[in-house]
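The exercises below ask you to trace a sheet and an interface by eye, and then to compare your reading with the worked solutions.

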Amino acid sequence: MLVDDSATILLSISSILSKAGYTVEKAPNAEEALKKFNNGTRVDLLITDLNMPGMNGIELIREVRTLPSYKFMPILFLTTESQQARKMEAKAAGASGWIVKPATADELLNTIKLVLR
Amino acid sequence: MNITPSLRQAQVISIFVAVLLAGSAYVMHPMLNYAVTPDREITAGVTLTLILLAFAFRHAAFRIFSGQFLISQGQPENGDVDQAAMRLDALPGIEREFHQLRQFLEILCRQLQNSAETGDKAAIHLATDLLEIDKALFRSARDTSALPADTSGRISEQLADALTRIQYQDTVNQQITNVIQALERLDAYTGQIAAGIMHPEIETSRSLKPVSALLDELYDSYISEQQRSIHDASLKRTAPSFADSRTELY
């Protein structure tokens, strides 16, 4: 699942992932993503932005980690933020990795392969 | 400072009102002495209060008759100018200037918002077009031999690269949003300064936070290292260095 408030990011990242053979479920905000999780959408990997209006990415993964089926699902942050303190906060909340935007197709796909292994 | 004719008229009228009130106080003095109280000290106090009230009315009358801000910079024209009254009279002018400054900030915010939205729409159109070209290229490579396989592969890679670069639009958009939010905070701050000047008697208007606190808030709102380093460079201070790892796994 790809969560980002930017339509441009949703379009460009989902096209990279689709081309690589992944099925992408898109959500324009954290609240929408949580709804999809609660509605039983099967998700193998969550890629989320950090700074979003309403619930931010860290709050989203805290919520997702409370769901029994997603305690160990890989979660990646894809964000313009690169501050160490924020990365530590994300790690403590349960993130599996961090990618700084803009990410190349190689950076993105290699990281996804590593976390899904 | 130069006083315009209408301001001088206002001064004359206000002095006339003050003299009238002071005269009334003087006339009332024996009446008060007789009718209200036989105590001379109290009567004198009442008379003094009336005279002070007359001067207060003189200020009020001056402000009413002088209308708006009519003071311009320059050398004094004559010596009988009431400086304090001029400052009081200048306040509506300052208020108007603050109001226009806040409008100016609002215009900047709206223009930036419009730029961000326009850029976003353009980026979405561009991404959609690139995806369509990529699909067409894929179909062409599959169904025809119009393009050699290595050529179509190279074009496809370039399209993927272009799609990656479109992500910069999101970064720019977030930075514009940051600037808009900072301008909104500056607008609120300007409003507080205006309130402080217009109503110095109100406690809340005096509790203005220092500009350094505004700068700290701005720093905290940044979403990228690039924004922080620009901020630090502008203030000529050394930024803490971070390892620039674009990808990290935990």
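**Exercise 1: following the sheet**

Determine how strand β1 (residues 2–3) of chain A is joined to strand β3 (residues 46–48) of chain A, and then place both in their sheet.

Solution. In this predicted model, the two strands run parallel and are joined by two bridges. Within β3(A), Thr48(A) is the bridge partner of Val3(A). Extending the view, one finds an open sheet of six strands with mixed pairing, in the order β2(A)-β1(A)-β3(A)-β4(A)-β5(A)-β3(B). Its edges are β2 (26–27) of chain A and β3 of chain B, each of which pairs on one side only. Helix α5 (residues 105–116) of chain A packs on this sheet, where it touches β4 (75–79) and β5 of chain A as well as β3 of chain B, and its direction makes about 175° with that of β5(A).

**Exercise 2: crossing between chains**

Work out how β5 (residues 97–100) of chain A is joined to β3(B), and which elements of chain B contribute to the side that touches chain A.

Solution. The two strands run antiparallel and share three bridges, and Trp98(A) has Glu248(B) as its bridge partner in β3(B). Turning to the whole interface, 27 residues of chain B are in contact with 30 residues of chain A. On the chain B side, two or more residues each come from α3 (83–143), α4 (149–165), α5 (167–198) and β3 (247–249) of chain B, with α5(B) giving the largest share, seven residues. Sorted by class, this side has twelve nonpolar, nine polar and six charged residues.

Methods. Residues are numbered from 1 along each chain as its sequence is written. Chains are lettered from A and ligands numbered from 1 in the order in which they are written. This is a predicted model: local features need pLDDT of at least 70, side-chain atom pairs count only at pLDDT 80 or more; totals for chains, interfaces and linings use all residues. Two residues are in contact if their C-beta atoms, placed from the backbone, lie within 7 Å. Helices (H or I, at least four residues) and strands (E, at least two) are DSSP runs, numbered from the N terminus. Ala, Val, Leu, Ile, Met, Phe, Trp, Tyr, Cys and Pro count as nonpolar, Asp, Glu, Lys and Arg as charged, and the others, Gly among them, as polar. Two strands pair if DSSP finds at least two bridges between them. Axes are lines fitted to C-alpha atoms, for helices over the stretch in contact, and angles run from 0 to 180 degrees between N-to-C directions.
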